[in-house]
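Open the model in your viewer and keep the selection box handy. We will go from stop to stop, picking out a few residues each time.

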Amino acid sequence: MERFTRIADGVFLLKVPFTGVWTGVTLVLSDDPPVLVDSGGSAETVDSTIVPALAELGIRLSDVGRVLATHIHGDHVGGIARMREIAPSLEVGVFSESAARMRDPLAYSREIRAKFPEHSPAPPPVLDGVVPDLLFDDGDMVGPLRVIHTPGHDTDACCFFDVRSGTLITGDSLQLNGTTSQGCALLFDPARYLDSLHRLLALPVRNIVCGHPYLPWGETAVGEEAARRFLASCIGCYEHDRGFVAGMAAAGVTDPHTVARALVGSVGGVEPEKLFLPMHTVAAYQEASEGGHT
């Protein structure tokens, strides 16, 4: 059985099964009711993984005060509707920009696939949304967690900074070279990613916990030195990918599929069967360059 693993005082990570790679759910304990960050990808894993892992700590889902979303991708919010069904009093909190996506995450999943339909898998058959109870903005506090808007992976991506332990809960905001199922980093908004990374470097971050294992450093960085290395490596990966796409363009190669395959190979990634995610990264870099952004 998967269990919550302690990352820092009051912060625990649960690895919830998901297609191709696990997705993380973080438990935050304080004097307030427990908080969960993200929900896994499906109703089934709420029942089979999250509820039993909480029970092992003596916590029922009805004891949890809030579930917060780092961003509105199915593997991070697919269990929220089921959580609300089990515990109707559970409050759902999302970044203010995420409200419409949270109400209908399946529509957003379809939108992502529509750009490269021939290179995309079918959207999930079920991805229920909910009306959020709490909308937060950059700098807001939710219990001991400070909201840090970190666009890059997506426009609405955010981190939660536990001010007590200096632990940064990042979801997918820190991409490094992506996961083994992606092939490379996934950035829908690379024009703002570098600024997000520099903002995080300016914080007194002592630990990092991510929503997946990212290449090459994994899902956590414990200790200030490891955390700064992790963030610096994200900058290095960004600079590599941006330069690679620009270099391909300078050589006259701009087809997103061709460039995506080459980019995955350049970072030593495993080429996924469907290349829509690397293609989104490539297209986003190309559009940022055309718009005069880096």
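One definition first, since several stops rely on it: a residue is buried under 20% relative accessible area, exposed over 50%, and partly exposed in between. Please also keep in mind that this is a predicted model.

**Stop 1: the sheet**

Start by colouring the strands. You should find an open sheet of seven strands with mixed pairing, in the order 1-2-3-4-5-6-7. At its edges are strand 1 (5-8) and strand 7 (134-136), each of which pairs on one side only. On average, neighbouring strands here are turned by 25° against each other, direction ignored.

Now select residues 35-37 and 66-68. These are strand 4 and strand 5, which run parallel and are joined by three bridges. Within this pair, look at V35: the residue opposite is R66 in strand 5.

Next, add residues 43-56 to the selection. This is helix 1, which lies across strand 2 (11-16), strand 3 (23-28) and strand 4. Helix 1 runs at about 150° to strand 2.

**Stop 2: D189**

Select D189, which sits in the loop between strand 11 (167-171) and helix 6 (190-201). Is D189 buried or exposed? Its relative accessibility is 10%, so D189 counts as buried.

Show the surroundings of D189. Leaving aside residues up to four places away in sequence, D189 touches P151, G152, D154 and T155. Then turn on the side chain of R192, which makes a polar contact of 2.7 Å with the side chain of D189. For a sense of scale, set a distance label from D189 to S30: their C-alpha atoms are separated by 33 Å, and the two residues are 159 apart along the chain.

**Stop 3: salt bridges**

Side chains of opposite charge can pair when their charged atoms come close. How many salt bridges does the structure hold? There are 16, and we will visit some of them.

Begin with D156 and R101, whose closest N and O atoms are 3.1 Å apart. D156 is in the loop between strand 9 (145-149) and strand 10 (158-162), while R101 is in helix 4 (residues 99-103), so this pair ties together parts that are 55 residues apart in sequence. D156 counts as buried because its relative accessibility is 0%. R101 is buried too, with a relative accessible area of 18%.

Move on to E287 and K115, where a salt bridge of 2.7 Å, N to O, joins the side chains. This pair links distant parts of the chain, 172 residues apart: E287 belongs to helix 9 (residues 276-290), and K115 to the loop between helix 5 (105-114) and strand 7. With 43% relative accessibility, E287 counts as partly exposed. K115 is partly exposed as well, at 40%.

Now select E271 and R261, a salt bridge of 3.1 Å from N to O. E271 lies in the loop between helix 8 (256-266) and helix 9, and R261 in helix 8, so the pair ties together parts that are 10 residues apart in sequence. Both are partly exposed: E271 has a relative accessible area of 38%, and R261 has 45%.

For the last stop, select D47, R82 and E85. Salt bridges that share partners join these residues into one network.

Note on methods:
Residues are numbered from 1 along each chain as its sequence is written. This is a predicted model: local features need pLDDT of at least 70, side-chain atom pairs count only at pLDDT 80 or more; totals for chains, interfaces and linings use all residues. Side-chain values use heavy atoms; hydrogens and water are left out. Two strands pair if DSSP finds at least two bridges between them. Helices (H or I, at least four residues) and strands (E, at least two) are DSSP runs, numbered from the N terminus. Axes are lines fitted to C-alpha atoms, for helices over the stretch in contact, and angles run from 0 to 180 degrees between N-to-C directions. Contact means heavy atoms within 4.5 Å. Buried means under 20% relative accessible area, exposed over 50%, partly exposed in between (1.4 Å probe, protein chains only). A polar contact is a pair of N or O atoms within 3.5 Å; within protein, one must be able to donate a hydrogen and the other to accept it, and residues adjacent in sequence count only if both atoms are side-chain atoms. A salt bridge is a side-chain nitrogen of Lys or Arg within 4 Å of a carboxyl oxygen of Asp or Glu.
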